[in-house]
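Q: Got a minute to walk through this one with me? I'd like to start with one helix and work outwards.

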Amino acid sequence: MTNEFANQSQPDMAGLPADDVSTKKWMLVLFSIVFMGSLTLWLPACQKNNLILAGYTPSEEYGMLGARLYEANCASCHGIDGKGNGVAAITLDVPPRDFYNEPFRYISSDDGVATDADLVQTIRHGRVNGEMPAAPWLNDDEAKALAEYVREINRLGWVERLAEEFSGDDALDNDELEEISWERVTAMEPYAVPSPSDSFVPNLNIGRELFTQTCASCHGPSGKGDGPEELVDEQGTPIIARDLTRAPIRGGDSSEELFKRIRSGIPGTPMPAQPGYTDDEIWQLVHFTRFLMGQPLLDGWQQSFVQQILDEGEN
Amino acid sequence: MRSIKYSAVGLLFVSLMLGVSAGSDTLTKQPKKSRYTVIDVENGGSITGLVKYTGKVEASTPVEVTTTEDICHAEPIFKENLVVNSDAGVRWAVASIKNIKKGKPFPDSSAPEDQVKMNQIGCVFTPHVVVAQVGKNVLLLNDDGVLHNVHSWSKKNRSINIAMPGSVKEMKTKFRRAERIRVTCDVHPWMIGWFFTTENPYASVTAEDGSFSLTDIPPGTYTIELWHETLGTQEQTVTIDSGKATEIEFIFNDIPAQDD
């Protein structure tokens, strides 16, 4: 029985007679050529069209590196189109950022836009108290390529919104769409965090005064995020001001990061920039915020404040 | 041998693919120049106009003041999104000449009192609508001794969100492009103001009686656009003769349905 079956099936298993073998090989070659040919048509099409991100053109500097890294590492939460709707997004307590519709939050520029360095830092370090993991394994080029890619997602969101908003006689042509969307996502006034001036003396009384007049209406008089205002972000989602007494702060709680948050504000949220304050005044606010957080400060700062409180108690 | 040939064919295709994908666009980094040219306008014509709303106006009640009551509650605050007088005249609409290419210069604003400014008084953006030239500084003032923030909802212009603590009485900002920009204050949610930014000086905010005027217009045929934050826009074509005043009227019968 088994032999019979074996014998019967033999020709099939072994393939066709010698002539047919060569035919089959040629068919394989033909198939390969057709397959490769269709690939050449399909691959550029998927780069230019919808499979990666509508309207995306490969980067001049990094080609498809940013897109590939994004797909592999970011898309599961932030979504293929960057709208914060990846398959894993639903499992997260802190929703992933919608790059397409929202501005980047953690910035160091005076015009409300994240610099390359800001994006690289967020990508490399992740976000404490959010669910964004750090990616220290990325090399410089990879981190920059990713930063460029998410910025491009942000820009393409602007292209769509601008085209929607202005129609008819007011419609923007392609050049204007490119130009304006580029302006919206490119930081023109980045700054490096300056050191306090030579005459700067950290003084919690000054810090408290500035905090009371500037921060307390949202963050509360003692920084617990319990100010009287009901706040919404630019998408209309209710949000609460950060409880500054409960570290960690999502954007990073080093003095430098606090300086950037205070000077530049947090785009997309009610947190405003402080162009009306000098850098030293911002440093006073940084020091007071660190005091609220229970973080150590510069030498000589605390004594005067404690003394002040004692003096107030005596009076 | 054959397999080498196949890989050669494959390589050819791969290189072809790379060639196709390498072509990418570069971004335009310089903004376009202004499309408006200043000329001497001699014996130009003018337009005087009136904006009316004939529909129902709901009796307005003061907004509920929930914070910094001592400053914001000094006088009752009424919303200004539809201010209509007893003769149906609409305040805070803006009449402008659409796409005018040549005309008079902007008024000289070098003296401090002539500078374009928006103040915050008693927790109200004052005036409610400000016409501002693109690329020129606009003064933001805070006469109140409390924190305000000027938060813009611009599309063509970068968004601003500037804190103005009670101690900061004056700030400057500028807008690069022509747009109708809503500004709000996150601390006082009822506060809403508008910047009408423009490349040409032919833009006029209607007064309490709904009237406006546009002057020193070179003779020609123009489209006049009337915009109001609640009533929407209307357009009229007007021919301007030198030295003559043309009267026009914009009449709104109802409030357009909101998209969102």
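A: Sure. Helix 10 of chain A, residues 255-264, has buried residues that pack against helix 5 (116-125) and helix 11 (279-293) of chain A. Helices here are DSSP runs of H or I with at least four residues, strands are E runs of at least two, and both are numbered from the N terminus. Contact means heavy atoms within 4.5 Å.

Q: Before we go on, what kind of model is this, and how is it numbered?

A: This is a predicted model, where local features need pLDDT of at least 70 and side-chain atom pairs count only at pLDDT 80 or more, while totals for chains, interfaces and linings use all residues. Residues are numbered from 1 along each chain as its sequence is written, chains are lettered from A and ligands numbered from 1 in the order in which they are written, and side-chain values use heavy atoms, with hydrogens and water left out.

Q: OK, back to helix 10 of chain A. How many of its residues are buried?

A: 8 of its 10 residues are, so the helix is mostly covered. Buried means under 20% relative accessible area, exposed over 50%, and partly exposed in between, with a 1.4 Å probe and protein chains only. The buried ones include A:Leu258, A:Phe259 and A:Ile262, and also A:Lys260, A:Arg261 and A:Arg263.

Q: And what comes just after the helix?

A: A:Gly265, with a positive phi of about 70 degrees.

Q: What does A:Arg263 pair with?

A: A:Asp110, in a salt bridge whose closest N and O atoms are 2.8 Å apart. The rule for a salt bridge is a side-chain nitrogen of Lys or Arg within 4 Å of a carboxyl oxygen of Asp or Glu.

Q: Zooming out, how is chain A divided?

A: Into domain 1 (18-185) and domain 2 (204-314), with bounds from an automatic or database domain assignment. The salt bridge count between the two domains is 1.

Q: How much area do the two domains bury between them?

A: About 1500 Å², 47% of it on carbon and sulfur atoms. In domain 1 of chain A, A:Arg105, A:Tyr106 and A:Asn129 lose the most area to domain 2, together 35% of what that side buries. Buried area is the accessible area (1.4 Å probe) that two parts lose on being put together, summed over both.

Q: What about contacts and polar pairs there?

A: 17 residues of domain 1 are in contact with 19 residues of domain 2. There are 8 residue pairs in polar contact across the interface, both residues being at pLDDT 80 or more. A polar contact is a pair of N or O atoms within 3.5 Å; within protein, one must be able to donate a hydrogen and the other to accept it, and residues adjacent in sequence count only if both atoms are side-chain atoms.

Q: Is A:Arg105 buried or exposed?

A: Buried, at 7% relative accessible area. Its side chain meets that of A:Glu102 in a salt bridge (2.7 Å, N to O), and A:Glu102 is buried too, at 11%.

Q: Switching to chain B, where is B:Lys98?

A: In the loop between strand 5 (94-97) and strand 6 (102-103) of chain B. B:Lys98 is buried, with a relative accessible area of 14%.

Q: Which side chains does B:Lys98 make polar contacts with?

A: A:Asp169 at 3.2 Å and B:Glu235 at 2.6 Å. B:Lys98 also belongs to a salt bridge network with A:Asp169, A:Asp170, B:Arg180, B:Glu225 and B:Glu235.

Q: How do B:Arg180 and B:Glu225 meet?

A: Through a salt bridge of 3.6 Å, N to O. B:Arg180 sits in strand 14 and B:Glu225 in strand 18 (residues 220-228) of chain B, so the pair ties together parts 45 residues apart in sequence. B:Arg180 is partly exposed at 31%, while B:Glu225 is buried at 9%.

Q: Which residue of chain A does B:Arg176 bridge to?

A: A:Glu183, with the closest N and O atoms 3.0 Å apart. B:Arg176 is in the loop between strand 13 (170-174) and strand 14 (179-184) of chain B and A:Glu183 is in helix 7 (residues 174-185) of chain A, so the pair joins two chains. A:Glu183 is buried at 4%, and B:Arg176 is partly exposed at 41%.
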